[in-house]
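This report looks at packing in one protein chain. It covers a helix, some aromatic contacts and the nonpolar cores.

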Amino acid sequence: MATRTTTPSVDLPDADELERLKLSPEVAWYLVSRGMPLPDCPPLIQTPSPGEALGAVFDPDRVDRVIKAFSLLRHTQGQWAGQPLRPDPWQVAYILAPVFGWVRWDGDADAYVRIVRELYVDVPRKNGKGFYTGEMILTRNGWKQFGELCPGDEVHTLDGSLTKVTWVSPLRHLDCYRVTFADGQSFVCDEDHLWTVWDRYGHDPEQWAKCRAKGAWRTIATPELAATYRGGSRRDTRYSVRTDRVLERPASDLPIDPYLLGLWLGDGHTDAARITTVDSAVTQAFEDAGYTVRRVPGTVTYGVNGGFLVALRQLGVLGNKHVPEAYRLGSAGQRLGVLQGLMDTDGGVSRGPNTPRVEYTSTKRELADAVYFLARSLGWKATVREFRTKLNGKDCGPGWKVAWTAFSDRSPFRLDRKTRCLHADRGTKTRSSTNTIVSVEKVPTVPTKCIAVDHESHQFLIGEGLTPTHNSTLAGGLAIYMTCADGEGGAQVITAATTKEQAGFVFEPVKKLAEAAPALKRHVKPLKHIILHPKSGSYFKPISSVAGAQHGANIHCAIVDELHEHRTPELVETIETGTGSRRQPLIVITTTADSGKRESVYDRKRQRIEKLARRVFEAPSVYGVIWAAERDDDPHVEATWKKANPGYGVSPTRSYLQAKSDEAKQSPADLAKYLRLHLGRRTKQETKFLTLESWNRNAGMVNEAELMGREAYGGLDLAATSDLLALCWLFPDEAGGYDALWRLWTPEDNVEALDQRTAGAASVWVREGLLVATPGNVADYDYIQLQIERDLDAFDVRALGYDPWSAVPLTNKLAESNAPMVKVRQGFVTMSPPMKELQRLLLKGTPEKPMFRHGGNPAVTWMVDNLAAAMDPAGNVKPDKARSAEKIDAVSAAVTALSEAMAREVPVKSAYEDGGLEVV
């Protein structure tokens, strides 16, 4: 066991540099002694080193073991596919070494155990893979819209084989792009979608321009594709995808030989079992199949008897020439047969200075489309274009030409005279095996989905052109290590997400890691929904519910994915309580920043990490790191990108962030999303009219007992009879400010639903008396009336404002009891002055001299943080309930009260106010 003293022979940076990098001497020593560079990407926020815990000892062998376990795994996708999974230096420095290196003696376990029991990693995201739900995709059972895919469906993958869809995401609404190819195909996908492309420049366009370096296969996201698909001084197209796969499909049960059907579709009579041809090989093909062929005297037309007419009628092609679905989607041999029949009759070879191209011409669009798909499904890069047909100079309507490059070794013809016109394949790569991306443009957002497929390429074919595209890992390496190599018998390792689908999305890449690692093949059993380690009796599986976490209730490791997506705390809390019997459990929380919503599951965990970092309290077993840009950082410069993204340059790349930055400059909505997702800043899309900083600065102290008898102005918001209802009393002071007191109510049947929206805070507010739960499932107006009448007796109420459209029975009763009720319209003209006055007071106030004292009521603070303001063309503002993140009733009540307070008559006294003179 190593001690905390670093090895003297290793030269380390001085103390100031280590402090800047936020590295302990032990971790820095480990990196240097293992030949790793010190990362220059410290987290913005970091909890104290676990090495500060009492009895802490740094054990480098434990870190070595984790990194060795990672190296046995193999990347399963992208440009690093097949290579060892080696953690980046920043991951070792700020995650693996602190978590696994620091241990202390546990007398109960009679062993050294990890100090860290909870790891929190908050880092901007990299790149999901969403496709427009309306795109068409070929499955084993035929064509489907992409949005209709379900787990278990079989689609075609990169090599043409059928593979199962293992996961389908919920609907997504991200920025979308249209990607267009040289053959005219185009697809709409979202900003997260990945493309595996051949980059003719390799990885460096400048280097390519100098020495014409060889290209490379790369996996990149769509925004980077948009920013870099043209390069070099001539702005040449840069990327292409493969097109040379042959679809592997089961054979269909067909009533007519595919080749014969193709011949009839090309030269047959539309409504008869006849064919017109001068090629004896064509008629011979029918005879060889057992049909009787008789020539019509004086013509080159032949009747085909022996059941051919009946079979044509059975297929539904008589009077409606087309390639039936069973022939289009049959086996490769069947598809080639029908294509050869069509090409032998209506196809030819176009010779020119380059490789001969085969062409098919038809005046029926249905047949041209069928030939296009058949050629594509057989690995040829076919294109189709429309032209005008003419006879003796007269326009006879549209026609369609399908063309592609083919070789005599694998001919789309059966007639020897046509095949002899083709060249032999020299085996060199040509453009006929790839499809170039010619345009990537941003388009309006449409609903998208991601899928995962059970294939090592992680790619699937989409559209009639069968274009390959991508499906959807430190957390993965940790999951496998904790299952197989942490030395824990019967380890229960889980990944937890908000939905079953999202949990599966996290599980699938880990399963791929386990399947792709040669060193694990004899030790683990990756099954459909669980990974088993028989030797230790351990397993890893996904869960998405409290019941799933409770099952067994003996969790060794839990990976909680995307904490900001969790709406209620129950699942996380259940996991935390389910690790009690383990000697060194570990909960790993990975997330990106949220939109800044208060009292959420994410907010509570984030606030805890920030308090630990400020040393407000101590919890050595909790270790957290947060990468993000600061509010004053320029979001559009590379220095900020590096600061917020520890993997900058690799994932995400510079070009990817440059593209996102350029988009953010064009739109406030894009800017908010860019700041949150790519720079780690908590922000809301709406421009904040009231900032939490100014609100908290004015909290002050409000003692209700000291408000008795004081002049007061009230505001009622009673619109939501089954949700929150609010009353605000404002008490003016001599300095021009106010003391604010709220009454908040909700039906008791609504508390549980409100808990789900506030991460359980609503129940706390009820217990603390900040929110009153009235009996039943709708507002109890009698209860509320009694409270208001008590307040009318306690305070010197001058006016009680209310929205004339809400709670008419209650306001009428109050008016009948001589309460000073005042109708306050909720339009721009009425609401704008008090809204702006509230903003002015908050901005003017200081902690020493607050101008709008509210006592820091957390329920009201939650609603202030939810507030969005609407603005009319004249610059007037009012609360906007439709655009606000959640309930804002308390704010609306305060603005209504302030409207009445501002309208009050204030007596003006003479300079001799103490001299007994008259009041002017």
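## A capped, covered helix

In this predicted model, Asn-857 caps helix H28 at its N-terminal end. A side-chain oxygen of Asn-857 lies 2.9 Å from the backbone nitrogen of Ala-859.

Helix H28 spans residues 858-866 and is mostly covered. Eight of its nine residues are buried. They are Ala-859, Val-860, Thr-861, Trp-862, Met-863, Val-864, Asp-865 and Asn-866. What do the buried residues of H28 pack against? Four helices and a strand are listed by name: H22 (692-697), H23 (751-757), H24 (761-767) and H29 (889-902), along with strand S39 (738-747).

## Aromatic contacts

The count of aromatic pairs comes to 17. Two of them share Phe-308 and are set out here.

| Pair | Geometry | Centre to centre | Angle between planes |
|---|---|---|---|
| Phe-286 and Phe-308 | edge-to-face | 5.4 Å | 85 degrees |
| Tyr-291 and Phe-308 | edge-to-face | 5.3 Å | 75 degrees |

The pair of Phe-286 and Phe-308 links distant parts of the chain, 22 residues apart. Phe-286 belongs to helix H8 (residues 280-288), and Phe-308 to helix H9 (residues 308-315). Are these two rings buried or exposed? Both Phe-286 and Phe-308 are buried.

The pair of Tyr-291 and Phe-308 also links distant parts of the chain, with their positions 17 residues apart. Tyr-291 sits in the loop between H8 and strand S19 (292-295). Tyr-291 is buried, as is Phe-308.

Elsewhere, Tyr-30, Phe-58 and Trp-102 make up one aromatic cluster.

Lysines also lie over ring faces. Lys-321 lies over the face of Trp-264, 5.2 Å from the ring centre. Lys-401 lies over the face of Phe-387, at 5.8 Å from the ring centre.

## Nonpolar cores

The largest nonpolar core holds 57 residues. Which of them touch the most other members? They are Leu-23, Tyr-94, Ile-95, Leu-96, Phe-100, Leu-119 and Leu-586. Helix H4 (residues 89-101) gives the most to this core, with nine residues.

Leu-586 has contacts with residues more than four places away in sequence. Among them are Val-99, Phe-100, Val-116, Leu-119 and Met-482. Leu-586 also touches Arg-114, Arg-117, Glu-118 and His-556. Cys-557 and Ala-558 are on its contact list too.

A second, separate core has 46 residues. Its members include Leu-260, Val-304, Val-358 and Tyr-372.

Key: Residues numbered from 1 in each chain as written. Predicted model: local features only at pLDDT ≥ 70, side-chain atom pairs only at ≥ 80, totals over all residues. Heavy atoms only, no water. Buried < 20%, exposed > 50% of the residue type's maximum accessible area, 1.4 Å probe, protein only. Helix = DSSP H or I, 4+ residues; strand = E, 2+ residues; numbered from the N terminus. Contact = heavy atoms within 4.5 Å. Polar contact = N/O pair within 3.5 Å; in protein donor to acceptor, adjacent residues only side chain to side chain. Phe/Tyr/Trp six-rings, centres within 6.5 Å; stacked < 30°, edge-to-face > 60°. Lys NZ or Arg CZ within 6 Å of the ring centre and 35° of its normal. Core = buried A, V, L, I, M, F, W, Y, C linked by side-chain atoms within 4.5 Å.
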